[in-house]
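Here is my note on the structure you sent round. Please read it with the model open beside you.

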Amino acid sequence: MSQTIIDTHIHIWDFGRAEYDWLKNDTSILHRNYALQELEPARLEAGITGGILVQAANNKEDTAWMLQTAAATEWIKGVVGWLPLLQPEATARALDEYASNHWFKGMRHLVHDEPDARWLLQPPVLESLRLLAGHGLPYDMVGVIPAHIETALQVAEQVPGLRIVFDHLNQPPMAAKERFGRWGSLLKAAAAHPQFFVKISGLGTASGNAAGWTAGDTRPYIEFVLQQFGPARCLCGGDWPVSLLAGSYTQTWTAYRQVLKELLNEEEQEQVLWKTAHGFYDL
């Protein structure tokens, strides 16, 4: 089996380069700078060969820092940045600017930090998302409640050309020990639309058992999305450094790979570990 593995969800942040509102009152291990070099030993141990940097702040400074880091790091293959979606004209200018940047591969907004779960359905935001789709770029959806999936389904109706990936499987109900429930029925509805993808990531922190979660805890949810979306619409991500709240980077990747090996043949494993990412982010 090929040893190619693309981690589609890596964060970096530097308080001297950008503002990270969600971290301002954080008292956990996340409240410090995280540079990509710090990940290097664990990356090699986990066997990761390529990576995607994903936005951690709703501002252009965070995106600039990721693009600068990507340009200086051979194994980083792309950046999921940020765009000012509430301002379509500014979004258009930014997209024109990023069009010549080899690393800009998609965008994300921290919608789970917005008070309104329907934030993406505002007319100017939808207009900006149409511009994104027109550039052939996908959208990373970081949702944490079923209402975020409902919103994404409505966005898909309004912007049929937009490819959307649910980061962290949109927070499956692992902590509630609930099998699938409303989360499952909504993701099943999303799976009926070929423009939706899912990212197997963030499951250690979603487990509600940061110190004791196992590969077995994640298996029902990974198996569910594989059945609904198929390997060709599933990607994998480590979610470093947020994942460190629930164990090491290597532990996260060992768990995901164990479950994938139990559920899929070698060709299907390759699809989830790198081929889907390669196509989705046009690497």
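The points below cover the sheet, its helices, and then the aromatic rings.

1. Status of the model. This is a predicted model. Please keep that in mind for every point that follows.

2. The sheet. Eight strands make an open sheet, ordered S1-S2-S3-S4-S5-S6-S7-S8, with parallel pairing. S1 and S8 are the edge strands. Each has a single partner strand, so one side of each has no neighbour in the sheet. On average, neighbouring strands are turned by 30° against each other, direction ignored.

3. The S1 edge. S1 covers residues 6-10, and S2 covers residues 50-54. The two strands run parallel and are joined by three bridges. Look at Ile 10: its bridge partner in S2 is Leu 53.

4. Helices across the sheet. Helix H5 (residues 146-158) lies across S5 (139-141), S6 (164-166) and S7 (196-200). H5 runs at about 170° to S6. Helix H8 (residues 215-229) lies across S7 and S8, and its angle to S7 is about 155°. S7 is thus crossed by H5 and by H8.

5. Aromatic pairs. The whole structure holds 15 aromatic pairs. One of them is Trp 13 with Trp 22: the ring centres are 5.3 Å apart and the planes stand at 85°, so this pair is edge-to-face. The cut-off for that class is over 60 degrees. How buried or exposed are the two partners? Trp 13 has 1% relative accessibility and counts as buried. Trp 22, at 30%, is partly exposed.

6. A pair between distant parts of the chain. Tyr 34 and Trp 240 have ring centres 5.5 Å apart and planes at 90°, so they too are edge-to-face. The two residues are 206 residues apart in the chain. Tyr 34 sits in the loop between S1 and helix H1 (40-46). Trp 240 sits in the loop between S8 (234-236) and helix H9 (249-263). Both Tyr 34 and Trp 240 are buried. Note the link to point 2: these loops adjoin S1 and S8, the edge strands of the sheet.

7. The cluster. Which residues do ring pairs link into a cluster? They are Trp 13, Phe 15, Tyr 20, Trp 22, Tyr 34 and Trp 240. The pairs in points 5 and 6 therefore belong to one cluster.

8. Charges over rings. Arg 32 lies over the face of Tyr 34, 3.9 Å from the ring centre. Tyr 34 is also a member of the cluster in point 7. Elsewhere, the charged end of Arg 163 sits over the ring of Phe 280, at 5.2 Å from its centre.

How values were computed. Residues numbered from 1 in each chain as written. Predicted model: local features only at pLDDT ≥ 70, side-chain atom pairs only at ≥ 80, totals over all residues. Heavy atoms only, no water. Phe/Tyr/Trp six-rings, centres within 6.5 Å; stacked < 30°, edge-to-face > 60°. Buried < 20%, exposed > 50% of the residue type's maximum accessible area, 1.4 Å probe, protein only. Helix = DSSP H or I, 4+ residues; strand = E, 2+ residues; numbered from the N terminus. Lys NZ or Arg CZ within 6 Å of the ring centre and 35° of its normal. Pairing = 2+ DSSP bridges. Axes fitted to C-alpha atoms, helices over the stretch in contact; angles between N-to-C directions. Contact = heavy atoms within 4.5 Å.
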